[in-house]
Amino acid sequence: GLFALPVNVNDGKHPSNLAPETRANVNRLLRSPIRGVIYHGASYWRFPFLERQKDVHSVAFDFFDAGGPIPGGAVLVDYEAGIYAATKHLASLGHRRILLLTLKPATFPLPDPEHAARHPLTQYEHGYGKAMVEHGLDAFREIAYYRAPGVDKPDDVVRGILARSHRPTAFVCTSDHFAFRLLAVAAELGLAAPEDLAVTGM
């Protein structure tokens, strides 16, 4: 059988501090006759309570942790290929001013070159830049950060871009949430997709 449970064990070394729902889900997992775990995120990797208390194997899905190496057996998303494909598709439709809407974490750029090369943000920018260069659009390359240190009102970032007289006609968003917020702000300004702008999410 297969079942999914939300479990955040960032503070798993101190079980008394776990939220009641998380503690209940942890106890359910410990009682279950499971033999393997597929997990998303770094909290379980930092505190693999199932591997310590049960004879199970684990595989990380879509994993990145700036604080350490990727664990063995990880299944990773090729962010560079995804953003490249989205940008290439928009360029093939005739868009020239294509903007990459992404995020910049406080820990970026990373001092470790190996970690920096694996970071999703690095992959986003590489895929986007590759497609723009291939279509002769390098002069139109533009990256904006919906979430970044010092950005208190992310929607204002989008609002300022859409209010420009020569705004981008297409947006490659590195998160579906960013894409949804972009569309919501665009609607507030009387703009619609795909009539006024094209938007992709991931």
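In which helix does Val133 lie? The residue belongs to helix α6, and the points below, which concern a predicted model, come back to that helix after an overview of the chain.

1. **Overall make-up.** The chain holds eight helices and six strands, and read from the N terminus these elements follow the order α-β-α-α-β-α-β-α-α-β-α-β-α-β. Of its 202 residues, 40% are buried, while the surface that the chain exposes comes to about 11300 Å², with carbon and sulfur atoms supplying 55% of that area. Among contacts with a separation of 6 or more, 56% are between residues 24 or more positions apart.

2. **Helix α6 and Val133.** Helix α6 has 15 residues, and its first and last C-alpha atoms are 21 Å apart, close to the 21 Å expected at 1.5 Å a residue. Its buried residues are Pro120, Leu121, Thr122, Gln123, Tyr124, Gly127, Tyr128, Gly129, Ala131 and Met132, and the elements that cover them include α4, β3, α5 (113–118) and β4. Val133 is partly exposed, because its relative accessible area of 47% falls between the limits of 20% for buried and 50% for exposed. Setting aside residues up to four places away in sequence, Val133 touches Asp138 and Arg141. After α6 comes Gly136, which has a positive phi near 70 degrees.

3. **Helix α4.** This helix covers residues 79–92, and the distance of 20 Å between its end C-alpha atoms agrees with the 20 Å that its 14 residues should span at 1.5 Å a residue. Tyr79, Ile83, Tyr84, Ala86, Thr87, Leu90 and Ala91 are buried in α4. Viewed down the helix axis, these buried residues of α4 fall within an arc of 165 degrees, and they therefore line one face of the helix. They pack against β3 (98–103), α6 (120–134), β5 (170–173) and β6 (198–200). The residue Gly94, which follows α4, has a positive phi near 105 degrees.

4. **The nonpolar cores.** The largest nonpolar core has 16 residues, of which Leu101, Val158, Leu162, Phe171 and Cys173 touch the most other members. Two or more residues of this core come from each of β3, β4 (142–147), α7, β5 and α8 (176–188), and the largest share, five residues, is given by α8. For Val158, the contacts beyond its neighbours within four places in sequence are with Leu101, Tyr146, Leu182 and Val185. A second core, separate from this one, has 15 residues and includes Ala91, Leu100, Tyr124 and Met132.

5. **Helix α8.** The 13 residues of α8 should span 18 Å at 1.5 Å a residue, and the 19 Å between its end C-alpha atoms agrees with that expectation. Phe178, Ala179, Leu182, Val185 and Ala186 are the buried residues of this helix. Seen down the axis of α8, they fall within an arc of 130 degrees, so that they line one face of the helix, whereas Phe180 and Glu188 are exposed on the other side. The elements covering the buried residues of α8 include β3, β4, α7, β5 and β6.

6. **The two ends of α8.** At the start of the helix, a side-chain oxygen of Ser175 comes to within 3.1 Å of the backbone nitrogen of His177. The helix is followed by Gly190, for which phi is positive and near 80 degrees.

7. **Asp155, a buried acidic side chain.** Is Asp155 buried or exposed? Asp155, which lies in helix α7 (residues 154–162), is buried, because its relative accessible area of 17% is under the 20% limit. The side chain of Asp155 forms a polar contact of 2.5 Å with the side chain of Arg181. When residues up to four places away in sequence are not counted, Asp155 touches Tyr146, Arg181 and Val185. Val185 is one of the buried residues of α8, and Val185 is also among the residues in contact with Val158.

Conventions:
Residues are numbered from 1 along each chain as its sequence is written. Side-chain values use heavy atoms; hydrogens and water are left out. Helices (H or I, at least four residues) and strands (E, at least two) are DSSP runs, numbered from the N terminus. Buried means under 20% relative accessible area, exposed over 50%, partly exposed in between (1.4 Å probe, protein chains only). Contact means heavy atoms within 4.5 Å. Accessible areas come from the Shrake-Rupley method with a 1.4 Å probe; for residues, only the protein chains shown count as cover. The expected span of a helix is 1.5 Å times one less than its number of residues. The arc is that of the directions from the helix axis to the C-beta atoms. A polar contact is a pair of N or O atoms within 3.5 Å; within protein, one must be able to donate a hydrogen and the other to accept it, and residues adjacent in sequence count only if both atoms are side-chain atoms. A nonpolar core is a set of buried Ala, Val, Leu, Ile, Met, Phe, Trp, Tyr and Cys residues joined through side-chain atoms within 4.5 Å.
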